[in-house]
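Welcome! Here are some exercises to try with the structure open beside you. Have a go at each task before you read its solution.

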Amino acid sequence: MKFVVDGSGSIEQLGGKAGALAKLKGFPIPEWIALSPAAFDMQTATLTLNPSPTEGRGTLNSGGSVPLLPRWEKGLGDEGDGCFLHPTIQSELSAALAKLCPNGERVAVRSSALDEDGDRSFAGQLESFLFVPIDQVADRILDVWRSAFSDRIVAYRQEHNLPPATAPAVLIQKMVDAEVAGVAFSAHPVTGQRGVSIVSAVYGLGSALVGGEVDADTYEVDRAGNITSRQIACKEIAHRSSLNGVMVEAIDPALAEQPALTDAQILQIVSLAREVERRSNCPQDIEWAIAQGKLYLLQARPITTLAQLPDPDGTRILWDNSNISESYGGITTPLTFSFVRHAYAEVYRQFCRMMGVSEGAIAAQDTTFRCLLGLIRGRIYYNLINWYRLLALLPGFKMNQRFMEQMMGVREPLPPDVIATLEKANWRDRLQDSLSFANTLRGLLVNFATLPKQIRRFYQRLDSALTEIDLSTLRPDELAAHYYDLERQLLTRWDAPIVNDFFAMIFYGLLRSLCVKWCSDSGTLQNDLIGGEGGMISAEPARRIRELAAIAAQSPDFAELLCSGSLPEITAELKNQLQFQTQYQDYLDRFGDRCLEELKLESPTLHDNPIMLLRSIGQLARQPIAASAPTTSPRQQAEAKVAQLIRNPIRRWVFDRVLHQARARVRDRENLRFERTRLFGRVRRIVVELGRRLWAIDAIHSPEDVFYLEIPELLGYVDGTTTTTDLKGLIAIRQAEFAKYAKMAAPGDRLETHGITHHAQTFRSTADTRPPTPDTPQGIGCCPGIVRAPVQIITDPKTAVLRPGSILVAKQTDPGWILLFPGAAGVLVERGGVLSHAAIVARELNLPVIVSLPGLLDWLQDGDLVEMDGSTGQVHRLSEVEPERPVALTGGEA
């Protein structure tokens with residue numbers, strides 16, 4: 001067996017230091033050899049162990065029958081015992097040293113353990129010796145081996161949950177008598193900047209720097225080769241070679257504060273570090289030395305700290321889940337995300353075309369369209385900067401920015417430095433913007449004038465595409481073809497809803513501005529003016545639930561069955577409740593696709609399980625709340641206020657036109673969103689049917705597993721375009737990952753990432769999420785009315801039973817929550833905006849509601865008595881005593 005190696009053969013057993021040098025052939029590395037761990041095995045083959053636990057010194061290896069090494073009786077001996085290497089090892093080593101150092105040059109003797117300089121650096125833990133004479137190399141080898149089993153190594157391994165020690169290889173390298181030496185990092189080890197290299201330099205040997213005996217000059221160099229920072233230290237001493245190894249030498253005071261390196265040398269060292277990084281495929285921490293004008297590479301190891309650091313110079317992304325959490329709250333499956341991400345990209349490309357944006361400008365922003373959404377720990381977020389980039393394609397960026405923030409429920413605007421990068425920066429950009437303004441303005445005017453016609457055509461196209469069909473009779477390829485047909489007819493032609501959304505944003509924003517400017521309003525009058533418009537389909541479920549509850553209340557036994565009976569029991573009784581059954585079936589036919597988290601394809605609909613609907617009806621029937629509508633509606637009161645404050649006929653004409661459009665656009669926005677629910681319901685049924693077919697042929701473990709595939713993977717399995725056919729394996733990986741997300745803390749509502757989104761990011765919120773003050777937290781009032789009642793905090797509406805007359809408190813809501821609204825005296829929502837579904841529906845029901853109350857669920861406890869003002873957005877906590885029934889002080893239906 002060969003014990004001495006030079007890196008020309010196998011390097012598997014050479015450990016961290018020697019193994020790294022072996023991979024860096026061609027670099028200016030001083031010649032070296034290494035003694036493999038096999039030499040240690042021969043050296044200790046006759047080792048006698050005393051198992052006395054009182055004399056333990058450490059762990060010998062992970063596989064020995066005696067884990068503790070009480071004393072070195074033979075083989076290594078104690079330091080100073082005069083122990084010798086095994087003759088076979090000594091003979092081979094002597095021959096190798098004679099070849100390495102033919103003139104008796106001195107060497108460095110260092111450990112090179114397998115796990116050294118890897119994920120854990122073991123810096124300073126194992127022994128190293130410099131300027132070792134040839135006749136002392138054997139003794140230093142024994143010392144290195146002893147250090148591998150020292151108490152401090154045992155403690156270090158235990159602290160970091162590392163396996164027990166094994167014998168290291170020993171690196172023996174010709175010494176460089178350096179004039180200047182130091183370390184260099186190809187990337188910044190503290191900030192994580194991959195494009196910034198660090199060079200530290202001292203006079204003499206680098207051991208003075210590594211041992212912390214002297215401060216070093218430090219330089220930062222960017223990737224363009226610019227020296228961006230210089231910190232020149234006072235270097236009072238240097239390590240130099242001596243007959244006894246290393247000595248300390250005082251530096252001339254005039255020289256101590258001078259740079260140890262020239263600029264050319266700095267750049268040469270950085271170039272070396274970066275070249276080592278390229279060869280090693282990861283950022284490197286190197287030790288270097290300069291002797292007689294030549295640069296040497298002494299050691300190289302990965303920078304272990306970078307594994308936990310994002311690159312702050314990487315692409316900055318602001319993530320915000322604002323209103324999108326109303327539709328996609330919590331964890332969303334891969335299938336839904338892939339579907340929604342594609343839909344957003346196609347819809348907004350189409351929108352920009354309709355607005356007159358050139359094809360060249362759209363193509364230039366292709367990445368922007370594809371990345372409007374992101375998935376962070378399984379949760380959907382807006383990529384906020386990309387939304388602003390999209391908005392910047394249209395004229396009037398600053399005005400539209402404010403309106404878009406209101407629509408999306410964004411609490412905090414973009415930082416000014418980000419906004420500055422999005423605005424037109426030079427005269428050529430501004431000129432191009434001016435030239436395209438006329439075309440875009442024309443697109444705006446045409447779309448505004450034709451919007452009613454577009455909406456009618458959209459409804460016709462939707463009804464045609466969603467013609468009822470028995471999906472269970474279709475083959476898998478026919479199901480895939482049906483999906484592609486829906487995509488062609490609707491997903492890429494979602495014109496009317498997106499144009500209407502845009503004008504809803506514009507006119508609602510204008511209405512709010514006019515209310516503030518001409519009516520001296522605090523910012524809530526516009527909500528009262530657009531409420532009570534009628535013709536809004538989202539409010540219809542609540543009215544129908546009340547009607548069903550009134551019918552059920554005529555039979556107390558049936559009402560009780562709705563509250564506590566099983567679904568089969570209730571279904572059996574329906575044949576005896578013909579009036580209820582007729583209206584109930586009509587409700588399911590109309591709103592069966594509406595459910596909690598209805599835009600998640602994995603969410604079961606009321607068609608699948610209507611028990612939540614039945615429970616809501618039963619609770620309302622069992623304890624009906626007497627309605628006491630105000631004599632004058634909030635809308636009428638707001639209109640009277642406007643008539644009194646705006647006397648100028650021109651202003652009044654402008655105001656009325658803006659108000660009319662705001663009402664129409666918000667109404668159509670909510671109605672068109674219901675049509676989106678219909679489309680998503682059809683897509684879901686296609687996906688569910690495909691899941692059943694794949695399960696039937698044993699391609700997946702259960703039909704529900706289909707939601708852990710992405711849309712291209714699911715359809716590609718049918719049409720032959722997928723790259724992975726092991727669906728079970730792929731699904732298992734995703735299920736394990738998403739199960740991990742469910743156990744982890746949810747990311748913040750608004751967060752920032754740099755560089756690689758899913759590497760080393762904390763995902764902590766950058767928004768102000770402090771709980772409200774103990775007295776009067778301030779939210780956004782969306783429907784007027786002052787209500788005093790106990791709160792009921794609901795986190796899972798699927799199983800919740802709302803106590804009639806309570807103020808419903810939730811983190812966020814979606815259209816499925818409408819089933820709970822009829823029994824509520826008021827609604828408080830931690831998240832959401834003025835045009836969120838909860839706010840719009842509550843206004844139609846004349847139900848006081850306040851949204852955007854950060855930290856609400858941390859502030860309130862279930863049963864707290866509060867007074868809420870749906871106009872001002874203020875909430876007062878009164879006492880811990882619950883009243884028998886809610887008190888509607890003004891407005892509301894409590």
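A residue counts as buried when its relative accessible area is under 20%, as exposed when the value is over 50%, and as partly exposed in between. Keep in mind that the model is predicted.

**Exercise 1. Buried residues**

Task: Find out how many residues of helix 13 are buried, and name them.

Solution: Start by locating helix 13, which covers residues 384-392. Next, go through its nine residues: eight of them are buried, and the helix is mostly covered. The buried ones are L384, I385, N386, W387, Y388, L390, L391 and A392. For the wider setting, the protein has 894 residues, of which 54% count as buried. Its secondary structure comprises 30 helices and 25 strands.

**Exercise 2. Two residues to classify**

Task: Decide for Q193 whether it is buried or exposed, and then place A481 in its class.

Solution: Begin with Q193, which sits in the loop between strand 6 (180-185) and strand 7 (196-203). Its relative accessible area is 17%. The cut-off for buried is under 20%, so Q193 is buried. Setting aside neighbours within four places in sequence, Q193 touches A187, H188, D311, P312 and D313.

Now turn to A481, which belongs to helix 17. Its relative accessible area is 43%. Partly exposed is the class between 20% and 50%, so A481 is partly exposed.

**Exercise 3. Helix 17 against helix 27**

Task: Describe how helix 17 and helix 27 pack, and say which residues make the contact.

Solution: Two packed helices are described by the angle between their axes and the distance between the axes. Helix 17 spans residues 476-491 and helix 27 spans residues 711-719. The angle is about 135°, and the axes lie 9 Å apart. That angle makes helix 17 oblique to helix 27. As for handedness, the two helices cross in a left-handed way.

Then look at the contact itself. Helix 17 contributes P476, D477, A480, Y483 and Y484, while helix 27 contributes I711, L715, V718 and D719. Sorted by class, these are seven nonpolar, no polar and two charged residues.

One further check: how far apart are A481 and L715 in sequence and in space? They are 234 residues apart in sequence, yet 9.2 Å apart from C-alpha to C-alpha. Across the protein, among contacts between residues at least 6 apart in sequence, 70% join residues at least 24 apart.

**Exercise 4. Helix 26 against helix 27**

Task: Repeat the description for helix 26 and helix 27.

Solution: The angle here is about 50°, with the axes 12 Å apart. Helix 26 and helix 27 are therefore oblique to each other. Their crossing is left-handed. From helix 26, V687, L690 and L694 meet I711, L714, L715, Y717 and V718 of helix 27. By class, this contact has eight nonpolar residues, with no polar and no charged ones.

**Exercise 5. The nonpolar cores**

Task: Which residues of the largest nonpolar core touch the most other members?

Solution: The largest core contains 152 residues, and those with the most contacts to other members are Y348, F580, F655, L808 and F821. Helix 26 (residues 649-696) supplies the largest share of this core, 15 residues. Separate from this core is another one of 35 residues, including I266, I269, V270 and A300.

Finally, zoom in on L808. Not counting residues up to four places away in sequence, L808 touches Q792, I794, L802, W817, L820, F821, A824, G826, V827 and L828.

Terms used. Residues numbered from 1 in each chain as written. Predicted model: local features only at pLDDT ≥ 70, side-chain atom pairs only at ≥ 80, totals over all residues. Heavy atoms only, no water. Core = buried A, V, L, I, M, F, W, Y, C linked by side-chain atoms within 4.5 Å. Buried < 20%, exposed > 50% of the residue type's maximum accessible area, 1.4 Å probe, protein only. Helix = DSSP H or I, 4+ residues; strand = E, 2+ residues; numbered from the N terminus. Contact = heavy atoms within 4.5 Å. Axes fitted to C-alpha atoms, helices over the stretch in contact; angles between N-to-C directions. Parallel < 35°, antiparallel > 145°, perpendicular 65-115°, else oblique. Left-handed = near helix turned anticlockwise from the far one by under 90°. Nonpolar A, V, L, I, M, F, W, Y, C, P; charged D, E, K, R; others polar.
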